[in-house]
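Biologist: I should be grateful for a close look at one loop of this protein and at the parts of the fold around it. Please take the loop as the starting point and work outwards from there.

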Amino acid sequence: MTLIYVSRKWIYVSFIGLTLIICGWLLFDEKIVPTTKVGDEVYVINMVTGEFKSETEDGKEIEAYRWDPGTIYIPKGKNITLSIYGVNGKEHPFMIEGTDIKGNVKKGEETLIPLRFDEEGTYRLICLTHPDISHNGPMIAYIVVD
Ligand SMILES: [Cu+2]
């Protein structure tokens, strides 16, 4: 009789313990998925690195690396994430004019850049390897904030 009572008690304790573990796991699991949070918008702008290639009439090969799209629009004071996926070109170290933002985009890798501009204007995203025509550019994108 005593033995049966103890095992029942043990079953209840185990059941409650297991329920707590499952609930805890579900709560923890929800916390590590930030995009499911209600009211917390995640605004991502996607960009890739591209390349234009051509040949002149005298047989000279010309090329220009590009950020694609070349112009993006961001509302003033809004937190966004700029995602840049490296497709063409081995790597593109970059800076955003008028900010401290610097980084690098490598082939086959996604670079995520958190952005927020509190002042209106046009900010240039410049590849430091391909900044102008003489360096296989201009690899410049325009970030329009309004
Ligand atoms: Cu580049």
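In which loop is the place of Pro138?

Modeller: Pro138 has its place in the loop between E8 and E9. The model is a predicted one, and every value below is computed from it. The peptide bond joining Gly137 to Pro138 is cis, with omega at about 5°. Asn136 belongs to the loop between E8 and E9 as well. This residue has a positive phi of about 55° although it is not a glycine. Asn136 counts as partly exposed because 19 other C-beta atoms lie within 10 Å of its own, whereas a buried residue would need 20 or more.

The two strands that border the loop are strand E8 (121-127) and strand E9 (140-145). Both take part in an open sheet of 5 strands, whose order is E3-E9-E8-E5-E6 and whose pairing is mixed. Its edges are formed by strand E3 (71-74) and strand E6 (102-106), each of which pairs on one side only. On average, neighbouring strands in this sheet are turned by 25° against each other, direction ignored.

E8 and E9 also contribute to the largest nonpolar core, which has 16 residues. At least two residues of this core come from each of E2, E4, E8 and E9. E8 provides the largest share, 4 residues. The residues with the most contacts inside the core are Trp67, Phe94, Leu125 and Cys127.

Phe94 shows how the core relates to the sheet. When neighbours within four places in sequence are left aside, Phe94 is in contact with Leu125, Ile126, Cys127 and Leu128, and also with Lys102, Gly103 and Val105. Strand E5 spans residues 91-96 and pairs with E6 in the antiparallel sense over 5 bridges. Within this pair, Pro93 stands opposite Asn104 in E6, and Met95 stands opposite Lys102 in E6. As background, side chains in a regular strand alternate between the two faces of the sheet. The hairpin of E5 and E6 has 5 residues between its strands, and Gly98 there takes a positive phi near 80°.

A second antiparallel pair is made by strand E1 (residues 44-55) and strand E2 (residues 61-68), joined over 8 bridges. Gly50 stands opposite Arg66 in E2. The hairpin of E1 and E2 also has 5 residues between the strands, and in it Gly59 takes a positive phi near 85°. Pro69 is found in the loop between E2 and E3. The bond from Asp68 to Pro69 is a further cis peptide bond, with omega about 5°.

E4 (residues 80-85), named above as a supplier of the core, contains Ile80. Ile80 has 19 C-beta neighbours inside 10 Å and therefore counts as partly exposed. Beyond its neighbours within four places in sequence, Ile80 is in contact with Tyr43, Ile45, Ile74 and Leu115. Ile80 and Pro114 are separated by 34 residues in sequence, yet their C-alpha atoms are 6.0 Å apart.

To place these parts in the whole chain: the protein has 1 helix and 9 strands, which follow one another as α-β-β-β-β-β-β-β-β-β. Of its 146 residues, 15% are buried. Among contacts between residues at least 6 apart in sequence, 57% join residues at least 24 apart.

Finally, a word on confidence. The chain averages a pLDDT of 86, and 73% of the residues score at least 70. Over residues 31-39 the pLDDT is below 50, and this stretch has 2 contacts in the model beyond near neighbours in sequence.

Methods. Residues numbered from 1 in each chain as written. Buried ≥ 20, exposed ≤ 12 C-beta atoms within 10 Å, placed from the backbone. Contact = placed C-beta atoms within 7 Å. Pairing = 2+ DSSP bridges. Axes fitted to C-alpha atoms, helices over the stretch in contact; angles between N-to-C directions. Core = buried A, V, L, I, M, F, W, Y, C linked by C-beta atoms within 7 Å. pLDDT = per-residue confidence, 0-100.
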